[in-house]
Amino acid sequence: VADNRAVLERRLEREGHVVSCAENGRLALERIRDYRFDLIVLDIMMPEVDGFEVLRRLKGSPDTRDIPVIMISALDQVAGIARCIEAGAEDYLSKPFDPMLLRARVVAALAKKRLRDAERVQVKQSALQATPGDAGPDRGVGPRAGEAVEPSASAAGGEAMSVAEHKAVFLSYASQDADAAKRICE
């Protein structure tokens with residue numbers, strides 16, 4: 001599996017995609033801290049730090065709370081599924097999962113993320129362009145007193161980064177699911 005994963009990762013990198021697998025929840029959190037991911041497929045049953053705790057930490061951090069997380073698990077208990085959704089997971093799949101269903105949910109989660117990202121950029125740009133007297137039904141509302149606004153790259157003189165430039169997909173503790181990941185990326 002490790003050889004297949006290395007081949008898969010090299011192929012996906014050539015195509016502009018990244019699939020990163022972590023052997024446990026602690027390593028998953030380290031990789032998430034070190035690299036910007038667009039989607040996380042997270043197993044509940046992981047050594048060291050379980051998926052529930054990883055999800056709690058992700059959704060509790062302003063740096064990672066907007067990353068969609070699809071939980072997967074061999075546990076098929078309604079209480080566990082509800083716990084994941086209530087904690088902020090985008091979706092949940094029981095193992096063994098159908099690769100076509102996982103692919104459909106990954107595509108849907110990434111489409112929603114692109115829309116949310118585009119909306120966030122639009123709101124920030126509107127806030128930067130608005131002046132206190134400009135607020136109205138057809139115009140953006142500026143930030144409240146003391147509220148920080150992150151300027152967009154274009155407003156700072158650089159080029160804005162397209163949402164499509166972020167193509168990373170993170171599969172946590174999914175070495176046994178490498179074939180499914182490969183089919184999703186293809």
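Here is a short tour of the cores, a strand pair and some salt bridges in this predicted model.

Start inside. Select L42, M71 and C84: they have the most contacts within the largest nonpolar core, a group of 18 residues. Now colour α2 (25–34), β2 (40–43), α3 (51–60) and β3 (69–73), the elements that each give two or more residues to this core. Of these, α3 contributes the most, with four.

Keep C84 on screen and show what surrounds it. Beyond its neighbours within four places in sequence, C84 touches I44, F52, L55, M71, A89 and Y92. Then pick V41, I72, A109 and L110, which are among the 10 residues of another core, apart from that one.

I72 is a handy stepping stone: its bridge partner in β4 is L93. Show both strands and you'll see β3 and β4 (residues 91–94) running parallel, joined by four bridges. Add helix α4 (residues 78–86), and the three elements form a right-handed β-α-β unit.

Next, the charged side chains; the whole structure has 13 salt bridges. Try D66 and R120, with N to O at 3.5 Å. This pair ties the loop between α3 and β3 to helix α5 (residues 99–129), across 54 residues. Extend the selection to D38, K113 and D117, and you have a salt-bridge network that includes D66 and R120.

Staying with α5, go to R116, which meets E90 in a salt bridge at 3.6 Å, N to O. E90 sits in the loop between α4 and β4, 26 residues from R116.

Last stop: R33 and D34, a salt bridge with its closest N and O atoms 3.7 Å apart. Buried or exposed, R33 and D34? Both are exposed.

Conventions. Residues numbered from 1 in each chain as written. Predicted model: local features only at pLDDT ≥ 70, side-chain atom pairs only at ≥ 80, totals over all residues. Heavy atoms only, no water. Core = buried A, V, L, I, M, F, W, Y, C linked by side-chain atoms within 4.5 Å. Buried < 20%, exposed > 50% of the residue type's maximum accessible area, 1.4 Å probe, protein only. Contact = heavy atoms within 4.5 Å. Pairing = 2+ DSSP bridges. Right-handed = clockwise from strand over helix to strand, strands pointing away. Salt bridge = Lys/Arg side-chain N within 4 Å of Asp/Glu carboxyl O.
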